[in-house]
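Student: Can we go through this structure together? I'd like to know how each label is earned.

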Amino acid sequence: MKLSPNPREFLLAIWEGGGNAPPTLEVARRLVERGHRVRWIGDACQEAESRQVGAEFLPWTDAPSRHTRHRDSDFLRDHEAADAPGQFALLRDRLMLGPALHYARDVARELDRRRADVLV
């Protein structure tokens with residue numbers, strides 16, 4: 001794999017759920033292989049995998065964070081909803097809008113600590 005002549009600093013902000021982490025891990029791995037610096041801010045249960053692909057891991061501190069992938073640690077708990085609109089309401093309230101300020105604060109704090117060329 002060819003190294004980038006202009007390495008960049010990436011900050012990937014990821015939550016554990018719905019299969020979004022595996023493809024992001026692959027992207028992180030490829031970026032690291034090309035010589036870029038990758039930071040992964042996410043749920044505590046993602047630490048081992050993010051470090052395994054060469055990313056620096058940072059846990060959510062203000063935002064909700066799953067420490068395991070066990071069903072009991074799922075703060076979204078969308079399996080409790082009776083139907084799709086109920087699942088969407090839980091997603092909206094417990095992930096997208098409810099804690100949005102907490103996710104934003106964690107990301108802003110990290111960007112204040114160290115800039116990034118790309119935020120995902």
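Here we take the labels one by one and set values against definitions.

Tutor: First, a caution: this is a predicted model, where local features need pLDDT of at least 70 and side-chain atom pairs count only at pLDDT 80 or more, while totals for chains, interfaces and linings use all residues. Residues are numbered from 1 along each chain as its sequence is written, and side-chain values use heavy atoms, with hydrogens and water left out.

Student: What makes strand 1 and strand 2 a pair?

Tutor: Two strands pair if DSSP finds at least two bridges between them. Strand 1 (residues 9-13) and strand 2 (residues 37-42) are joined by five bridges and run parallel, so they pass that test. Within this pairing, Leu12 stands opposite Trp40 in strand 2. Strands themselves are DSSP runs of E with at least two residues, helices are runs of H or I with at least four, and both are numbered from the N terminus.

Student: Why are strand 3 and strand 4 at the edges?

Tutor: The open sheet has four strands in the order 3-2-1-4, with parallel pairing. Strand 3 (56-59) and strand 4 (118-119) each have a single partner strand, so one side of each is left without a neighbour in the sheet.

Student: What lies across strand 1 and strand 2?

Tutor: That's helix 1 (residues 21-33), which runs at about 155° to strand 2. Such angles go from 0 to 180 degrees between N-to-C directions, using axes fitted to C-alpha atoms, for helices over the stretch in contact; contact means heavy atoms within 4.5 Å.

Student: Why is Asp43 called buried?

Tutor: Buried means under 20% relative accessible area, exposed means over 50%, and partly exposed is in between (1.4 Å probe, protein chains only). Asp43 has 1% relative accessibility, so it counts as buried. Asp43 is found in the loop between strand 2 and helix 2 (47-52).

Student: And how do you know that Pro22 is exposed?

Tutor: Pro22, found in helix 1, has 52% relative accessibility, so it counts as exposed.

Student: What makes Glu16 and Asp43 a polar contact?

Tutor: The backbone nitrogen of Glu16 lies 2.6 Å from a polar atom of the Asp43 side chain. A polar contact is a pair of N or O atoms within 3.5 Å; within protein, one must be able to donate a hydrogen and the other to accept it, and residues adjacent in sequence count only if both atoms are side-chain atoms.

Student: Why is the link between Arg37 and Glu9 called a salt bridge?

Tutor: A salt bridge needs a side-chain nitrogen of Lys or Arg within 4 Å of a carboxyl oxygen of Asp or Glu. The side chains of Arg37 and Glu9 meet at 2.8 Å, N to O, so the label fits. Arg37 lies in strand 2 and Glu9 in strand 1, so the pair ties together parts that are 28 residues apart in sequence. Arg37 is partly exposed at 41%, whereas Glu9 counts as buried at 5%.

Student: How many salt bridges are there in the whole structure?

Tutor: A search finds 15. One of them joins Arg29 and Glu33 at 2.5 Å, N to O; both lie in helix 1, four residues apart, about one turn of the helix. Arg29 is partly exposed at 28%, and so is Glu33 at 33%. Asp93 also forms one with Arg92, the closest N and O atoms being 2.7 Å apart. Salt bridges that share partners join Glu9, Arg37, Arg39, Glu56, Glu110, Arg113 and Arg114 into one network.
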